[in-house]
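Open the model in your viewer, keep the sequence panel beside it, and follow the stops below in order.

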Amino acid sequence: MRELQGHYRVKINQDLSPKFKHLVLEAPDLASVIEPGQFVNIRVSAGTEPLLRRPFSVYRALNGEVELFYEVLGRGTKVLAQKKSGDVLDVLGPLGQPFSLPPSGTEHVVMIAGGIGVAPFQILTDALEAHEGLKLTLLYGARTFEHTFNMDDLERNRCRIMIATEDGSVGVKGRVSRLFSDISWDPNATWIYTCGPNAMMAAVQEFAREQNIRGEVSCESAMACGIGACLGCVVRTVNGYKTVCHDGPVFGLHEVIF
Ligand SMILES: Cc1cc2nc3c(=O)[nH]c(=O)nc-3n(C[C@H](O)[C@H](O)[C@H](O)COP(=O)(O)OP(=O)(O)OC[C@H]3O[C@@H](n4cnc5c(N)ncnc54)[C@H](O)[C@@H]3O)c2cc1C
Ligand code: FES
């Protein structure tokens, strides 16, 4: 896949919840080639602070627009949060390997997300909702109410949503794994996608191994080049070290050694 580097106009950059923001870019060429699970690398500042681009999963790509969903954490995302409608951002993408479609025979897709790891699942359900007869469930683990958001667009994609929060302010109290017992897991007909903190994905991987269920993980790692050149983002896998930016971020569920 050829990467595009473009300068795209910000259409919307607004709060989606107390912790998360929603950025919409007018980027027709990019929107037309992005696949679910891919990401973009954004230069948030024209100066050197911060110097490195920041990677973000694509939340949705529709009608010539590329949407991101992000949490304000440090220097880069604080600068990004200040962008106004009409500002222009330098964006590199689409980057990385996309999610695969679930294999034939899959009847139930279970997406398991922790925090901002939920970002790639909107675009994924946009692609999967057309697959008639495929049941879609999202298990979402968040720290508090402030890390939840309006999930109507996911529900419109026929996605059943179950939430766990660490303080019990929304849904079940505890980690997302508390929700596992509420699902019926058929190893021959279930496919998992997961994205979130490594500890959560390790727990999902262990559970899936016990249940003999296959799927994919989308990994996060600090990045520099974003195009497979600096080896700054490698993760250990059963097939040796791999770059998250180029070989990933999507890997087989049982491939990454967390
Ligand atoms: C493939 C990929 C896709 C991503 N998709 C999204 C997304 O859709 N939405 C989103 O909000 N974020 C996403 N991230 C994470 C995002 O890139 C970082 O949160 C961002 O780069 C932080 O930049 P910063 O300058 O604000 O923080 P920094 O100043 O660099 O760091 C501030 C704090 O955040 C922590 N931090 C930095 N990077 C990460 C990270 N990758 N994961 C967890 N903590 C981190 C640091 O340890 C530090 O404590 C993604 C990362 C990758 C690799
Ligand atoms: S960030 Fe350079 S190889 Fe991945």
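Begin with the rings: this structure holds twelve aromatic pairs, where rings of Phe, Tyr and Trp (its six-membered ring) pair if their centres lie within 6.5 Å, with planes under 30 degrees apart counted as stacked, over 60 as edge-to-face and the rest as tilted.

Select Phe 20 and Phe 149, whose ring centres are 6.2 Å apart with planes at 75°, so the pair is edge-to-face. This pair links distant parts of the chain, 129 residues apart, since Phe 20 is in strand E2 (residues 20–26) and Phe 149 is in the loop between strand E9 (135–142) and helix H4 (152–156); helices (H or I, at least four residues) and strands (E, at least two) are DSSP runs, numbered from the N terminus. Phe 20 is buried at 0% relative accessibility, and Phe 149 is buried at 10%, where buried means under 20% relative accessible area, exposed over 50% and partly exposed in between (1.4 Å probe, protein chains only).

Now add Tyr 59, Phe 69 and Tyr 140, which form one aromatic cluster with Phe 20 and Phe 149.

Finally, select Cys 219, which is buried with a relative accessible area of 5%. Why does the sulfur of Cys 219 form no bond with the closest cysteine sulfur? That sulfur, in Cys 195, is 8.2 Å away, too far for a bond, and the structure holds zero disulfides, a disulfide being a pair of cysteine sulfur atoms within 2.5 Å.

This is a predicted model, in which local features need pLDDT of at least 70 and side-chain atom pairs count only at pLDDT 80 or more, while totals for chains, interfaces and linings use all residues. Residues are numbered from 1 along each chain as its sequence is written, chains are lettered from A and ligands numbered from 1 in the order in which they are written, and side-chain values use heavy atoms, with hydrogens and water left out.
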